[in-house]
Amino acid sequence: TQLGVITATAAAVCFFSGPGQPFSLGSFTKPTAEELGLSKSQISTLYMLGSLAAGCCLSGTGFCLDEYGHRRTGVALGILCAVACAINSAAQGPLGLLLGVYLVRFCAQSLILQNSRHRMVRKAPWTCVCTHGPGH
């Protein structure tokens with residue numbers, strides 16, 4: 001039924017947010033450090049700064065869900081996430097890497113998960129425990 005499709009789609013979107021997850025970005029730390037001539041500490045610092053900036057910007061983006069709806073927002077975020085991954089893979093220095101990490105964390109980790117979780121909880125409230133933890 002429609003509810004099953006919504007739940008399955010939202011779960012798939014959560015899965016496809018993988019590019020913004022630490023395990024995904026962390027797997028490329030050594031090759032990135034070698035390619036850009038940066039230490040692992042410098043890479044970690046850039047990752048932290050990009051994640052912090054993405055988290056700070058997230059609070060102002062909830063209006064997209066209300067203003068444009070989940071479908072339009074989801075499609076736009078999917079496209080933006082692909083662009084962010086391309087930018088991240090083409091980084092030529094610390095600033096490019098910082099921008100790439102910021103965009104990937106902002107799009108994949110934050111907004112795509114926010115969009116899918118918000119949609120799941122609105123249409124299927126019992127999924128709240130799975131996506132937000134108990135007590136929400």
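**Helix 4 and the nonpolar cores of an all-helical model**

Helix 4, formed by residues 40–58, contains 19 residues and spans 27 Å from its first C-alpha to its last, close to the 27 Å expected at 1.5 Å a residue. The model is a predicted one. Buried positions in helix 4 are I43, L46, G50, S51 and A54. These residues lie on the same side of helix 4, because the arc they cover around the axis is only 130 degrees. An α-helix has 3.6 residues a turn, so residues three or four places apart point the same way. On the face of helix 4 turned away from the buried side, the exposed residues are S41, L52 and C56.

The protein as a whole comprises 7 helices and 0 strands, and from the N terminus on its elements follow the order α-α-α-α-α-α-α. Of its 136 residues, 36% count as buried. Among contacts with a separation of 6 or more, 74% are between residues 24 or more positions apart. The exposed surface of the protein amounts to about 8,100 Å², of which 66% is supplied by carbon and sulfur atoms.

Within helix 4, S51 has a relative accessibility of 18% and therefore counts as buried, the cut-off being under 20%. Apart from its neighbours within four places in sequence, S51 is in contact with V101 and R105. Both of these partners fall within the range of residues 94–123 that makes up helix 6.

The largest nonpolar core consists of 9 residues, namely A54, C81, A84, Y102, L103, V104, F106, C107 and A108. Two or more residues of this core come from each of helix 5 (62–89) and helix 6. The largest contribution is that of helix 6, with 6 residues. A second, separate core has 8 residues, including A33, L38, I43 and L46. Helix 4 is thus represented in both cores: A54, one of its buried residues, belongs to the largest core, whereas I43 and L46, also buried in helix 4, belong to the second.

Contacts of a core residue in helix 6 can be followed individually. When neighbours within four places in sequence are left aside, L103 is in contact with A84, I87 and A108. Of these, A84 and A108 are listed with L103 in the largest core.

The count of aromatic pairs in the model is 1. The pair is formed by Y102 and F106, whose ring centres are 5.6 Å apart and whose planes meet at 15 degrees, so the arrangement is stacked. Both residues lie in helix 6, 4 residues apart, which is about one turn of the helix. F106 counts as buried because its relative accessibility is 11%. Y102 and F106 are also both members of the largest nonpolar core.

Outside the helices, G37 occupies the loop between helix 3 (29–36) and helix 4. In contrast to the buried S51, G37 is exposed, with a relative accessible area of 62%. The C-alpha atom of G37 is separated by 8.6 Å from that of G93, although the two residues are 56 residues apart along the chain.

Technical notes
Residues numbered from 1 in each chain as written. Predicted model: local features only at pLDDT ≥ 70, side-chain atom pairs only at ≥ 80, totals over all residues. Heavy atoms only, no water. Expected span 1.5 Å × (residues − 1). Buried < 20%, exposed > 50% of the residue type's maximum accessible area, 1.4 Å probe, protein only. Arc of directions from axis to C-beta. Phe/Tyr/Trp six-rings, centres within 6.5 Å; stacked < 30°, edge-to-face > 60°. Core = buried A, V, L, I, M, F, W, Y, C linked by side-chain atoms within 4.5 Å. Contact = heavy atoms within 4.5 Å. Areas by Shrake-Rupley, 256 points an atom, 1.4 Å probe, with all protein chains shown as cover.
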